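This report describes the domain layout, a sheet with its packed helices, and the ligand surroundings of one structure. The sequence and the coordinates are shown first.

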Amino acid sequence: MNALEVRNLTKAYPQFKVDQISLDVKRGYITGLIGPNGVGKSTLIKMMLGMVRPDSGTVRILGCEMPAQEVEVKQRIGVVSDDCFYYEHLSIRDMQQMIAPFYRKWSHHTFNRYLEQFELSPNMKIETLSKGMKVKFSLAVALSHEAELLIMDEPTSGLDPVFRRELLDLLANILQDEHNSIIFSTHITTDLDRIADYIAFINRGKLVFSEAKDSLLERYAIVKGDLQLLDSDIRKLFVGMRETAVGFEGLVEDRQQAAQLFGEHVILDKATLEDIMYYTAKGGRIHA
Ligand SMILES: Nc1ncnc2c1ncn2[C@@H]1O[C@H](COP(=O)(O)OP(=O)(O)OP(=O)(O)O)[C@@H](O)[C@H]1O
């Protein structure tokens, strides 16, 4: 079963378009939403949450239609972002008192435990929180009402390496309960190397792929070789490539095809998520 289903979601701004994106987040797993800066990840997440009205397309969260069943959905999801949706002039304590009555399953005990773990004082005003502290605060809120789906927009971008690791461990823990699911947008792909099960890749407002991370990393490969191997037909096999005076390095989508074609003449390496994102963005290839 899917925790989140997005179908043909489209939003056109004067200079930019999120174009016909369809995507599933499977229940019990972490889906990483990756893409360079400015390709539409936040716009897509805001459409999922009903904060930006799409021109067309549909969103279902935990079996409920958005935005028609938004009130029910908001009980069961947690949103983690540094783009704060809270009252800036209130303290964390006052904000908690305001938020708690909205949730059927709010736990003061859990909230206070996370404040302590994240080293946030209840007296701190929201407006004085750093980017990373805001992420910690929204995570504490999400975890205190037993959210079944966490929707996280660039949660690690303002965080120091120590808390980044802690956060990733915490997310892996949340997933111990097979009803819980996470969608996590980031341009720091190394975070997802460790924890994501599925990867959805957005480039220039379009979905490039959405699939299991392991199959993706098996399928793609980095090819390194001499420049004389390249002609115009061979170049077309590459999603993107980089040439130097001595050789080339490029990303292919079909590792087996590259192995058969080049044989011993090249080095074939595993591609990382960062390689896939870098070369796809550079090569400009989009296959919706
Ligand atoms: N309200 C708006 N009006 C006009 N253009 C907008 C609006 N919101 C976003 N955009 C444009 O849409 C594009 C995508 O922005 P978005 O924030 O969704 O990208 P992103 O992938 O989340 O980027 P980043 O990783 O930098 O946050 C940008 O070019 C942005 O300027």
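The model is predicted. In the domain assignment, the protein chain comprises domain 1 (2-216) and domain 2 (221-270). The C-alpha centres of domain 1 and domain 2 are separated by 37 Å.

An open sheet is built from four strands in the order 12-13-11-14, with antiparallel pairing. Strand 12 (238-243) and strand 14 (267-270) occupy the edges; each has a single partner strand, so one side of each lacks a neighbour in the sheet. From one strand to the next, the twist averages 20 degrees. Four bridges join strand 11 (residues 221-225) to strand 14 in the antiparallel sense. Here K224 is placed opposite I267 of strand 14.

Two helices pack on this sheet, as set out below.

| Helix | Strands touched | Angle between directions |
|---|---|---|
| Helix 10 (residues 255-262) | strand 11, strand 13 (248-252), strand 14 | about 20 degrees with strand 11 |
| Helix 11 (residues 273-283) | strand 11, strand 12, strand 13 | about 90 degrees with strand 12 |

The ligand is surrounded by Y13, F16, G35, N37, G38, V39, G40, K41, S42, T43 and H187. Which element gives the most to the shell around the ligand? Helix 1 (residues 41-48) does, with three residues. By character, the shell around the ligand contains three nonpolar residues, seven polar residues and one charged residue.

Terms used: Residues are numbered from 1 along each chain as its sequence is written. This is a predicted model: local features need pLDDT of at least 70, side-chain atom pairs count only at pLDDT 80 or more; totals for chains, interfaces and linings use all residues. A residue is near a molecule or strand if its C-beta atom, placed from the backbone, lies within 6 Å of it. Ala, Val, Leu, Ile, Met, Phe, Trp, Tyr, Cys and Pro count as nonpolar, Asp, Glu, Lys and Arg as charged, and the others, Gly among them, as polar. Domain bounds come from an automatic or database domain assignment. Two strands pair if DSSP finds at least two bridges between them. Axes are lines fitted to C-alpha atoms, for helices over the stretch in contact, and angles run from 0 to 180 degrees between N-to-C directions. Two residues are in contact if their C-beta atoms, placed from the backbone, lie within 7 Å.
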